[in-house]
Amino acid sequence: MSASKGSSSFSIIALIGVAIAIAAYFYSNTQVGDEITKTSSSSSVSRVDQATGISFASTQKFHSTGKTPLSLLGVGTRKKAGIINVYSLGLFASSPLVKAVEKSNDSTNKCDTILESKHPKSIQIVFNMKINPENVAEALSQLDPSVVDPNITDQFSAMVLSGMPSGKLQKNDEMTLEWKGLDRISVTIRGKFVGEMKDKNLAQSVLKLYLGEEGVSVSPSLKKDIGCSI
């Protein structure tokens, strides 16, 4: 009789254990499913640079535009020696400029439309590796001295450097270059406004580092993503 009771108790305990395991299984799957849904929902409003896996929101607010967000026009990569992915970048623009670019059927005119527009535009840079501040400032200062006064270039380089007093930029650190009109360019690093300079040749030349002709643009992948000829 006692053996029968013991067997019955064991069966009940075993059944309870199975029930708990099944419940835990379904709970776990439900949680994972929720996470996947959130990820899918998030990815539907962002773009990913396939070279680095870094993503950019479809709209973004910047210091120079205040509460008015800009829309993502394209993403690309800045490579070194053709193989090292230094950073990813996203080009954002105001609604009127986005519409003007989308209306253009000529790949050459797409980049010209952006370069010649007075509408606000910004490039958000997300670093894919550690990098020295001096290297960043130097790269952004590779401007034609026959177009940009070298003294202006030096001032711009110094301004960029002043935004990185704590040393190396780390992976996933952010930097933005922002344009208002045709003659103003400002810099924000790690979310902190660094400064603004007013000089048309400077502003246009820095923008051409990304959207200029072959041999000038440091990110052909950005131009291709926008639909510009490369």
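1. Two strands count as paired if DSSP finds at least two bridges between them, and it is in this sense that pairing is used in the points below. The model under discussion is a predicted one, and the remarks that follow should be read with that in mind.

2. The central subject of this note is an open sheet of seven strands, which follow the order β3-β4-β5-β6-β7-β8-β9 with antiparallel pairing. At its edges lie β3, residues 59-60, and β9, residues 192-198, each of which pairs on one side only.

3. Within this sheet, β6 (residues 121-127) and β7 (residues 174-180) are joined in the antiparallel sense over six bridges. Two of the facing positions may help in checking the register by eye: Lys121 stands opposite Trp179 in β7, while Ile125 stands opposite Met175 in that strand.

4. On the side of β8, the pairing of β7 is again antiparallel, and six bridges join these two strands. Trp179, which was met above as the residue opposite Lys121, has Ile185 as its bridge partner in β8. The hairpin of β7 and β8 has three residues between the strands, and Gly181 there adopts a positive phi near 65°.

5. How many of the seven residues of β7 are buried? Five of them are, so the strand is largely enclosed by the rest of the structure, where buried is taken as under 20% relative accessible area.

6. A helix also covers part of the sheet and deserves separate mention. Helix α5, residues 150-162, packs on the sheet and touches β7, β8 (184-189) and β9, and the direction of α5 makes about 170° with that of β9.

7. Apart from the sheet, a pair of helices can be described in some detail. Helix α2 (residues 95-103) packs with helix α3 (residues 107-116) at an angle of about 160°, and their axes are 9 Å apart. Since angles over 145 degrees count as roughly antiparallel, α2 and α3 are therefore roughly antiparallel to each other. The crossing in which α2 passes α3 is right-handed.

8. The contact between these helices draws on Leu97, Ala100, Val101 and Glu102 from α2, together with Lys110, Thr113 and Ile114 from α3. By residue type, the contact of α2 with α3 comprises four nonpolar residues, one polar residue and two charged residues.

Technical notes
Residues numbered from 1 in each chain as written. Predicted model: local features only at pLDDT ≥ 70, side-chain atom pairs only at ≥ 80, totals over all residues. Heavy atoms only, no water. Axes fitted to C-alpha atoms, helices over the stretch in contact; angles between N-to-C directions. Helix = DSSP H or I, 4+ residues; strand = E, 2+ residues; numbered from the N terminus. Parallel < 35°, antiparallel > 145°, perpendicular 65-115°, else oblique. Left-handed = near helix turned anticlockwise from the far one by under 90°. Contact = heavy atoms within 4.5 Å. Nonpolar A, V, L, I, M, F, W, Y, C, P; charged D, E, K, R; others polar. Buried < 20%, exposed > 50% of the residue type's maximum accessible area, 1.4 Å probe, protein only.
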